[in-house]
Each structure stands twice: as C-alpha cells, then as structure tokens.
Protein chains: 4
Amino acid sequence: MPSDNVPSRPRRSERARRAILDATYDLVLEKGYAKLTIEAIAARAGVGKQTIYRWWPSKGAVMIDAFLPEGAGEETEVDLPDTGDLAADLKGVLRATADEFADPAFSARLRALSAEILLAPELAPDVAERVLGPGLRAYKKRLLAAQQAGVIAQGDDVDLDVAVELLLGPLHYRWLHDLGGITHDYVDTLVDFTLAALRPGATTTSSSSS
Amino acid sequence: MPSDNVPSRPRRSERARRAILDATYDLVLEKGYAKLTIEAIAARAGVGKQTIYRWWPSKGAVMIDAFLPEGAGEETEVDLPDTGDLAADLKGVLRATADEFADPAFSARLRALSAEILLAPELAPDVAERVLGPGLRAYKKRLLAAQQAGVIAQGDDVDLDVAVELLLGPLHYRWLHDLGGITHDYVDTLVDFTLAALRPGATTTSSSSS
Amino acid sequence: MPSDNVPSRPRRSERARRAILDATYDLVLEKGYAKLTIEAIAARAGVGKQTIYRWWPSKGAVMIDAFLPEGAGEETEVDLPDTGDLAADLKGVLRATADEFADPAFSARLRALSAEILLAPELAPDVAERVLGPGLRAYKKRLLAAQQAGVIAQGDDVDLDVAVELLLGPLHYRWLHDLGGITHDYVDTLVDFTLAALRPGATTTSSSSS
Amino acid sequence: MPSDNVPSRPRRSERARRAILDATYDLVLEKGYAKLTIEAIAARAGVGKQTIYRWWPSKGAVMIDAFLPEGAGEETEVDLPDTGDLAADLKGVLRATADEFADPAFSARLRALSAEILLAPELAPDVAERVLGPGLRAYKKRLLAAQQAGVIAQGDDVDLDVAVELLLGPLHYRWLHDLGGITHDYVDTLVDFTLAALRPGATTTSSSSS
DNA sequence: ACTTAAACGAGACGGTACGTCGCGTCTTTTC
DNA sequence: GAAAAGACGCGACGTACCGTCTCGTTTAAGT
C-alpha cells in the first residue's frame, strides 16, 4: 500500500491572494511604484506580511501578477483585427495604444513594470513573456498574414520580430524619455514608416561593412 | 560690464564634489542602482551626508551628474561621420552602440538612468536634454544632411525626429525587455528598414482613417 | 455512587504527550528557556502545534510537567535521612543540593522554572506545591522530628516553615544573583547558622518595636 | 602642534536618554515585564528604535539603568541606622523592605529585574553590584559595627556575607515562590533567628562530615 | 595676519520599511 | 474526533537608510 503519494498540497488562501493583488494594483495607481511597500500592500489587503513573502519572492513579482488579467492561461491569445487593410488595422490598434498611454492608470502600470525590470533584470523574461508576449505575438501574426497576402515583403531578410519592434520600440522610447507627444498622428507616422520599410522590394539595395 | 558680482559665493569644495560623483559612478557599476544609497555614496566619498544634500536635490540628480562627462557644456556637440554613404555611416555608429550595450558598465549606467526617470519622472527632461540630446541631435543632423543630398525623402511628412526614434527606439526596447540579442546584424537591419522607410517616395501611398 | 466514569474519553495520544514533554525538557537544556518556543517544541516532538495548545494552557505549564518525574502522584512523598544527627543529616542533603546547582542541566531547569514564575505569577502556586512542596515538607518533617527529640527549640515562636526557608532561601538567593560560590562549606555554614538559631533557648532575648 | 587630541565625543542626546529610561520604567509598572517591548519603549519615549539599540545592548540593560536612581555614582553609599540596638535597627529596615514588597510598583520592578537575570544571566553581576550591592554592603557594615561592639560573634567562622544572605535570602525566596506573607512578624522572626545564630558562642558545637 | 562665516566630516536623531520569527487560531487531510 | 501539517493575521524583532539636525574643524574671503 503506497501511502504518501500526495505531494502535500499548499492549501493556499484564494481570498488572501486576490486581496494582495488587488491592493497592489490599487496602490500602484494611487501612490506610484516608488511609494509601493510590502507593508502597505499587506495593510491594505488585510493580510500578514508573511503571507506575501510566502508566495512571492519579491515586490516586483507581486506586481507582475497584479497587472495580469486573471484568466491569463497560455491558451488565451489575442488577435489583431484583419480587415485586409494592414495599415488601417495597425493604425487602429496603435491609436488605441496611444490613447492608453494618455491614461494615468495605464502609464502608472507601465512605469512600474518598467522600473521593476530595470531594478531586477531577472524579471525581464517573465514580463516579456507574460505581459508583452501576447501583444507582440498578435502583431507578428498580423504581419505574417499580410506577408502571405503579398502586402509586405517576404524572404529571410524580412525579420518580422524586428518589424514589430519598429512599431512599438519608438513608441515606448518616446514615452519613456518624454521626447514628444504620443498622438494619433505620431503612431500613424510609425505605421507609414514601418510599412514603407516592409514594402516588397524595399530593402534590397543597401551598403554595409563589417 | 561686471554683471552678477556674486555677493555670497558658495565656497563649494571641488574635492568633495568630485569624490561624490566618482563614488556614485563606481557604486552604480559595482552594486547596481538598486543598492545605491546616499549613505554609501557619502561613506565611499569620505564626505558628510549633508554635503550631498546641500548640493543635489536627490539621488537621481547626483547620478545624472555622475554620468555626464566633465566638460559637457552646451557648446560641445558631437557629430556623426559623414562619408557620403548614409547607410554605412549609420551602421558604423549603431554597431558601436550595440557593442556598448554589451558592456556591463554601460548597461548598468543606462539601467540606472532609465530607472531613475521612471521613479522620478521630473528628471526625464533633464536626461533627455543632457544625456540623450547630443546623440539625438547628431543623428538628426546627419539625416538632415542626407535629406539635402537627396538620399532620403524630403517634405513635411518626413519627420526626422521620428526617423531617429526609428533607429534608437527598437534598440532600447529590445534591450530593456530582453527581446533578443543586440547584434551587428540587428542594428544593420534597423538601418536598412529605416532607410527603406525614408527612401524618396516611400511613404506616399497608405490608407488611414479618423 | 460511581462518579467520574469518563463518558467522553479524550482519545489523547500518549505518544504525543511524552514526545512534547521530552522535547521541552531537551530544548530547555540545549537552548535555554529564553529560546524555548512552542514551534520548536512541536517541530522537535514531531507534533502539530494544536496538539500542544489542546492540552496545555501555556508554555510554562508544559515546562512544569516536563520537569516533574513521571510518577509524581501526591502519595509519593520523600523523606530526609534521620540518623539522629540533625546537622549531619541536613548537611548531607544540602551538600547534594549544592552539587546539583553546579550541574548545568539542573540550573537550566531551575532557571527556566523561576523565570516562568516571574513572567506568569499565576503559575507560582503550582510550582510551589508540585515542584518545591515535597522538598520543603521533607525538611520540615525532619525538623519536626528533631524538635520532638528536643534537639531544637519548641514553642509557638519557633516557626519551622521559616526555619526551612532559612536553609533554602539564602542558597537560592546566592545562586540567583551570583553572589558567591555554592560550596559544601557554604551549605555547612547555613546549617550551622540555622541550627544555632534553632537551639533551645536561642531566640528568647531580643528587642523589638512597633 | 599635535591637533587631533580630541577623542571624538559621542554627542549623545540627554533628552532621548531620559525619555527612554522613563518610558521603560513606566511601561514595566503599567504592563509588566512580559509585555515590555523595545518598540513600545521607543514609541512612548518619542524616539527611534535605533537610538535605543545604539546605546544599550539589550532590553534588560535598559531596564537596569531605568531602575537605578540617577545620581548612582560609586560614592553614593547608603548606611543603615545605628542606634546601638542591632535587632531594632535591622527590624526597622526590614519592616520597611517588607512594606515595599507589598507595593505593586516595587514588586513589578523586582520581578522584572529577576526575570531578566534568569533570561540573561550575563546581567547578573551588573545587577548584583549596582542594584543589590549598596544594600548588601550597608547590612554588612552594620553587622560589622555590631561585631566590633561585641554584640555578635567574631572570628573567621562568622561570615557576615552569609549573615546578610540569612536576612534577605528567605525574604526573596518566600516572595518569589509565594510561600507565605511578607509581614512585619515574618521579618522580625528572620532577624531574631539570624541574631540568635550570630550570638557570641552560638555556632561552636556542631557535627559535620566529609 | 586676523577675523569670520560658510562649508565641511562626522554621526546622532525621529522615522519608515525591511525581511524574519513566533504567537495563537484556523483549516484541511489522515489515521 | 484527535493528530500532523502548516497557512493565516498579527506583532515584534534587529537592521538599513532616509532626510534633518547639531557638533567641532577646516578653509578661504575680506578685512
């Protein structure tokens, strides 16, 4: 009779877990990441500090969980619209993103996550995968469809990962360093530039050196 | 014309100032920004804490000063090479930048500055102007020269600020979120994409809405 | 009248009980009372904390039980030797006691019990009765025999309880406050002083007031 | 000119020191030693915890200082009265002591100090010297005077330290273990017994062994 | 050279938060 | 239904730094 085949279930309190994530979410928006403390989270959540330390290794890890939607399993992938008009589709999504940047709640969250990555780089892969991942994959999927439709160039030299970064990188860079407004015009320009760069036959001639 | 005749000149100790900036610089590289404390700076510099608080409003302000080269007056602008081959010039500079990203000291500094901006957004303009500014202006200047040489498109719809962000934004984005390697191939691709986007007549046809 | 016929027998685990008392005993000797914790007892005993709280009201109560010999019912009273030579008998027992004070295990236990009494005075009667009681009664019984043999004074003014305290009080006082060595000479002196005080006709002349 | 001959004075805040000692004193009386915490002391004193840890190694050390009168330099020795009537003098002082034992404040202090010694035996010498010392020396001095007056026995076998313990040991023992009331009668009995033991020629005949 | 006022090093101060330990209660599962 | 296991809310621990505040002690200007 093989008895102890039970891996000692951790019997975690769902109530406490949700209270902690909610408190964290609210506190980041209210006070900002710089003022976020474990003690404040615990107090707001009506929870002992130890309960936080028991389940998360750091403040940043709590925050990442707090910023993810609840049912974020791996099957829940998002899709960009595909009307056949790539430029319009991208501009539609990026304009919505631009609007989000104007939302204090959104930028507070992004600020917090970015700061956390910089202070604790070991969290970067987790953020990249769980937070950015779905979005990046959605963009890439849409570009792939466009590629197959012949709207943008094909070939080994057309790296769609870079193409996605061409759309989002400037946006984040401008936001982070406050280099200019994140307007609809701005994101339209980004889309226009990016699609021009991806136009079939666009990058064929270019000098280089080692 | 003997103007501001300085009635109460602040007899500031140059020795202390340099010791503080050097200590800050060293500590960021050794321990990282997250472990940087005013007390550690003061101790390392052999300086009283008050001397730091007397001359800088915050830890971030000290850090910005610590990371700027000493003779960084406003007249010292840098220039990109101009061999006539825009792609080669850009790739040369960006490959050097890519190499810098591989340097722990460089990335530690960049990490620290970026974190500081996120935690204290009021410092962003200062960093944008004094740290990034010269670089951004140099890129823009080179693109402007290329524009005048007819290598890249002209016109109101060609925003060179955005063009510069197209080169640097993806680079920082990829670095910050650890999305992939910062290789010479990568920056070459960025230059190729960007120049393709900027090629005369590239962005003329594109749908849009709203 | 068949009284307490135990209708709801508390299915108490003897194994757990002994493990708890043993663990407590061992931990006090190893780490000292100051480091004794319920969690440590439970862990060492391989027992849930609740099992301790179920059967004892406090840490001190566990300790008292842990320090009593197992078959310490009320019928087990001890006796001092009675060779007819009171001084020799007392010195014999007290010298053995003095030797015990030199034993780290003994003094650790005494230290723990005394501390417990001071921190939780409600336990004092229990300790006085169950721990000290048998010893005190044995001394008093021996003195009573000596009194009846005419070796020490009789009368209402000869309080044998005080006489016993005269023997043991100084010993504990000296030990607790580390006022001097607990040697055979010392306890001999105590016995000599005490017997001198108790000698028939000793305390008849003495002034007093109020 | 030898400059640095100054031993870098610690610049300690007298205000904080007094506030800490007063708060400790008050808290012991109000809540008892078992509930005394560094945090409560700091809060009551309006002081940072670090200020306590900076100047005292432990809670017990603070307490000892808190319980000593302020001007407790080594020259401030106390004397027992000396009317020529030793028994009356001793009874007078011990009756006052008995009254103190009835005072909740006094017994709370004594309880706290005793507990501290038991939990941290390394403090025992300090307590013995600074707290008990003056009292013990005063008793011994009075007995010495009586000895020289011929009231009590002289000789090498008359250890006045033990004599003092004969007076105080039983008192503390009875108090600690709650063995009986600390009445005037009780202390009178102690004095009578002790003086009977010390009477010239009292301890000459007594058997012994080993 | 002498005076004098600031800046300086040192570090104590009242605080806040850290991450850990143990409390006594509770909940779940096993025997 | 007691027992093991251990999560829970809570309170205190002792430490690290914060930013402010004295302390003497340089130190450089302006007599």
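# A tour of four chains and two DNA strands

Of the atoms of DNA strand E that lie within 4 Å of the protein, 61% are sugar or phosphate atoms, and the rest belong to bases. Keep in mind that this is a predicted model.

## Stop 1: DNA strand E

Select DNA strand E and show the protein around it. Which residues come closest? Of the 40 residues that surround DNA strand E, the closest are A:Tyr53, B:Arg15, C:Lys49, C:Gln50 and D:Arg15.

Now pick out single contacts. Start with B:Ser13. A backbone N or O atom of B:Ser13 sits 2.8 Å from a phosphate oxygen of DNA strand E. Move to B:Arg54. Here a polar side-chain atom lies 3.1 Å from a phosphate oxygen of the strand. Then select D:Arg11. A polar side-chain atom of D:Arg11 lies 3.4 Å from a base nitrogen of DNA strand E.

Colour by helix next. Chain A gives two or more residues to this surface from each of helix H2 (38–45) and H3, and chain C does so from helix H2 (38–45) and H3. H3 of chain B is also on the list, as are helix H1 (14–31) and H3 of chain D.

Colour by residue class. The surface near DNA strand E has 15 charged, 13 polar and twelve nonpolar residues.

## Stop 2: DNA strand F

Switch to DNA strand F. It is surrounded by 40 residues, the closest being A:Arg15, A:Trp55, B:Gln50, C:Arg15 and D:Tyr53. Of the atoms of DNA strand F within 4 Å of the protein, 65% are from sugar and phosphate.

Three residues are worth a zoom here. Select B:Glu39 first. A backbone N or O atom of B:Glu39 is 3.0 Å from a phosphate oxygen of DNA strand F. Go on to C:Ser13. A backbone N or O atom of C:Ser13 lies 2.8 Å from a phosphate oxygen of this strand. End with C:Thr51. In C:Thr51, a polar side-chain atom lies 3.2 Å from a phosphate oxygen of DNA strand F.

Which helices supply at least two residues each of the surface near DNA strand F? Helix H3 (49–55) does so in chain A, chain B, chain C and chain D. Helix H2 (38–45) joins in from chain B and chain D.

By class, the surface near DNA strand F holds 17 charged, 13 polar and ten nonpolar residues.

## Stop 3: chain A against chain B

Hide the DNA. Select chain A and chain B. How many residues touch? 54 residues of chain A are in contact with 53 residues of chain B. The area buried between the two chains is about 4,700 Å², and carbon and sulfur atoms give 67% of it.

Show A:Leu118, A:Tyr173 and A:Phe193 as sticks. These residues supply 17% of the area that chain A buries against chain B, more than any other three residues.

Look for charges. The interface of chain A and chain B has two salt bridges. In one, the side chains of A:Arg174 and B:Glu165 meet at 2.9 Å, N to O. Four residue pairs are in polar contact between chain A and chain B, both residues at pLDDT 80 or more.

Now trace the helices on the side of chain A that touches chain B. Helix H5 (86–102), helix H6 (104–119), helix H7 (124–148), helix H8 (160–176) and helix H9 (184–198) of chain A each give two or more residues. H8(A) gives the most, with twelve residues. By class, this side of chain A has 31 nonpolar, twelve polar and eleven charged residues.

## Stop 4: chain D against chain C

Select chain D and chain C. A rotation of 179°, with 0.0 Å of shift along its axis, superposes chain D on chain C with an RMSD of 0.2 Å. That is how a two-fold axis relates its copies. The same surface serves both copies, as 96% of the contact residues of chain D recur in chain C.

Next, the contact itself. 54 residues of chain D are in contact with 52 residues of chain C. Together the chains bury about 4,700 Å² between them, 67% of it on carbon and sulfur atoms. D:Leu118, D:Tyr173 and D:Phe193 supply 17% of the area that chain D buries against chain C, more than any other three residues.

Last selection: D:Glu165 and C:Arg174. Their side chains meet in a salt bridge at 2.9 Å, N to O. H8(D) gives the most to the side of chain D that touches chain C, with twelve residues.

Note on methods:
Residues numbered from 1 in each chain as written. Chains lettered and ligands numbered in written order. Predicted model: local features only at pLDDT ≥ 70, side-chain atom pairs only at ≥ 80, totals over all residues. Heavy atoms only, no water. Near = heavy atom within 4 Å. Polar contact = N/O pair within 3.5 Å; in protein donor to acceptor, adjacent residues only side chain to side chain. Helix = DSSP H or I, 4+ residues; strand = E, 2+ residues; numbered from the N terminus. Nonpolar A, V, L, I, M, F, W, Y, C, P; charged D, E, K, R; others polar. Least-squares fit on C-alpha atoms with pLDDT ≥ 70 in both. Contact = heavy atoms within 4.5 Å. Buried area = accessible area lost by both parts, 1.4 Å probe. Salt bridge = Lys/Arg side-chain N within 4 Å of Asp/Glu carboxyl O.
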